[in-house]
Amino acid sequence: MNTPEWLVAKPIAHRGLHDKANGIVENTISAAEAAIARGFPIELDVQLTADNDVIVFHDFDLDRVTGETGLVAERNLSALAGIEISGTLGGDKIPSFKDYLARIAGRTPLVIEVKSKFNGDMRLTKRVIEILADYSGPFVVKSFDPDILAYLRQNAPHITRGFIGELEYASEADSFLPPEKKHRMANLLHFEETQPHFLSWRVRDLPCASAYLSRLLGHIPVMTWTVRNPEDRAKAEKHADQMVFEGFIP
């Protein structure tokens with residue numbers, strides 16, 4: 001499968017073109033519309049609800065960007081869709097994945113990150129595949145979890161898939177991962193099972209062998225995340241094919 005040309009043609013707006021100071025918050029319809037107005041593709045995150053549906057939302061819990069607390073996975077879609085995102089001028093609420101796609105309607109490409117707890121649960125991935133079957137706009141799917149990519153390869157080989165990687169996996173969110181799994185992901189030792197069409201690599205880890213050799217020997221495009229300053233942008237331009245950015249207008 002050829003990776004779509006748009007994936008490296010323009011910078012990609014991280015969770016939409018958000019600007020909280022001006023009332024535009026990540027992963028909202030307002031952030032999506034702002035990206036579309038500037039002609040940028042959009043990177044977005046999807047999470048599973050208690051009733052096996054999908055919302056556009058980054059965190060596993062509601063605390064950081066809403067006035068609610070608790071886990072996303074413990075609430076049904078109808079309850080989540082009524083929750084307002086804190087700090088939005090337009091009163092944005094958590095969008096369902098279906099509603100988000102209907103609003104975008106192919107006006108800009110989408111880079112869809114499937115979130116994972118690395119527990120082998122493929123319900124979210126399966127539902128995302130089902131929903132995307134009815135969407136005609138340009139998109140790709142990516143994940144940190146090699147098992148999700150392997151599932152996509154086996155069950156939806158027509159979908160362009162990408163692996164999100166880094167070298168250390170040293171954050172608190174990654175603390176539960178065993179060292180051998182971190183080593184496997186950092187060095188792309190899952191490549192035979194996943195066969196990603198592109199990589200999305202942490203900018204502060206560039207250059208590194210995994211990304212460099214993928215570009216050089218595998219002709220696999222590398223996007224890099226998350227670019228927030230001139231130093232990161234210079235590194236992205238030197239060592240990657242495109243960037244996922246936030247906090248400025250490229």
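This report walks through a predicted model, looking at some helix pairs, a few buried and partly exposed residues, and some unusual backbone spots.

## Helix α5 and its two neighbours

Let's start with helix α5, which covers residues 123–132. Helix α6 spans residues 146–155, and the axes of α5 and α6 come within 10 Å of each other, crossing at roughly 40 degrees. Are the two helices parallel or oblique? Angles under 35 degrees count as roughly parallel, and α5 and α6 are therefore oblique to each other. Their crossing is right-handed. On the α5 side you can find Thr125, Lys126 and Ile129, and these meet Ile148, Tyr151 and Leu152 of α6. Sorted by class, the residues of this contact are four nonpolar, one polar and one charged.

Helix α5 also meets helix α4. Here the axes come within 11 Å and cross at roughly 35 degrees, and this crossing is right-handed. Phe97, Lys98 and Leu101 in α4 touch Arg127, Val128, Ile131 and Leu132 in α5. The contact of α4 with α5 has five nonpolar and two charged residues, with no polar ones.

## Ser96, just ahead of α4

Ser96 sits in the loop between α3 (77–80) and α4 (97–104). Is Ser96 buried or exposed? Its relative accessibility is 7%, so Ser96 counts as buried. Try finding its side chain in the structure: it reaches the backbone nitrogen of Asp99 at 3.0 Å. If you set aside residues up to four places away in sequence, Ser96 touches Val54, Ile55, Val56 and Leu77.

## Lys142, a buried lysine in a strand

Next, look for Lys142 in strand β5, which runs over residues 139–143. With a relative accessibility of 2%, Lys142 counts as buried. Which side chains make polar contacts with the side chain of Lys142? One belongs to Glu43, at 3.3 Å, and another belongs to Ser200, at 3.5 Å.

Beyond residues up to four places away in sequence, Lys142 touches many others, among them Val111, Ile112, Glu113 and Val114. Its contacts also include Gly162, Ile164, Phe198, Met223 and Val244. For a sense of distance, Pro221 is 79 residues away from Lys142 along the chain, and their C-alpha atoms are separated by 13 Å.

## Thr194 and the surroundings of α8

Helix α8 is made of residues 191–194, and Thr194 is part of it. Thr194 is buried, because its relative accessible area is 1%. The side chain of Thr194 makes a polar contact of 2.9 Å with the side chain of His190. Leaving out residues up to four places away in sequence, Thr194 touches Pro146, Leu149, Ala150, Arg153 and Arg161. The C-alpha atoms of Thr194 and Gly162 are 9.0 Å apart, although 32 residues separate the two along the chain.

Two residues around α8 have a positive phi without being glycine. Leu188, with a phi of about 55 degrees, lies in the loop between α7 (179–186) and α8. Leu188 has a relative accessible area of 10%, so it is buried. Gln195 has a phi near 45 degrees and is found in the loop between α8 and β7. Gln195 is partly exposed, with a relative accessible area of 34%.

## A cis peptide bond and a loop arginine

Where is there a cis peptide bond? It joins Leu206 and Pro207, with omega at about -5 degrees. Pro207 belongs to the loop between β7 (198–202) and α9 (209–218).

Finally, Arg228 is in the loop between β8 (222–227) and α10 (230–239). Arg228 has 47% relative accessibility, so it counts as partly exposed. Its side chain and that of Glu246 are joined by a polar contact of 2.7 Å. Apart from neighbours within four places in sequence, Arg228 is in contact with His14, Glu246 and Phe248. To link back to the opening helix pair, compare the position of Lys126: Arg228 and Lys126 are 102 residues apart in sequence, and their C-alpha atoms are 33 Å apart in space.

Notes
Residues are numbered from 1 along each chain as its sequence is written. This is a predicted model: local features need pLDDT of at least 70, side-chain atom pairs count only at pLDDT 80 or more; totals for chains, interfaces and linings use all residues. Side-chain values use heavy atoms; hydrogens and water are left out. Axes are lines fitted to C-alpha atoms, for helices over the stretch in contact, and angles run from 0 to 180 degrees between N-to-C directions. Helices (H or I, at least four residues) and strands (E, at least two) are DSSP runs, numbered from the N terminus. Angles under 35 degrees count as roughly parallel, over 145 as roughly antiparallel, 65 to 115 as roughly perpendicular and the rest as oblique. A crossing is left-handed if the near helix is turned anticlockwise from the far one by less than a right angle, and right-handed if clockwise. Contact means heavy atoms within 4.5 Å. Ala, Val, Leu, Ile, Met, Phe, Trp, Tyr, Cys and Pro count as nonpolar, Asp, Glu, Lys and Arg as charged, and the others, Gly among them, as polar. Buried means under 20% relative accessible area, exposed over 50%, partly exposed in between (1.4 Å probe, protein chains only). A polar contact is a pair of N or O atoms within 3.5 Å; within protein, one must be able to donate a hydrogen and the other to accept it, and residues adjacent in sequence count only if both atoms are side-chain atoms.
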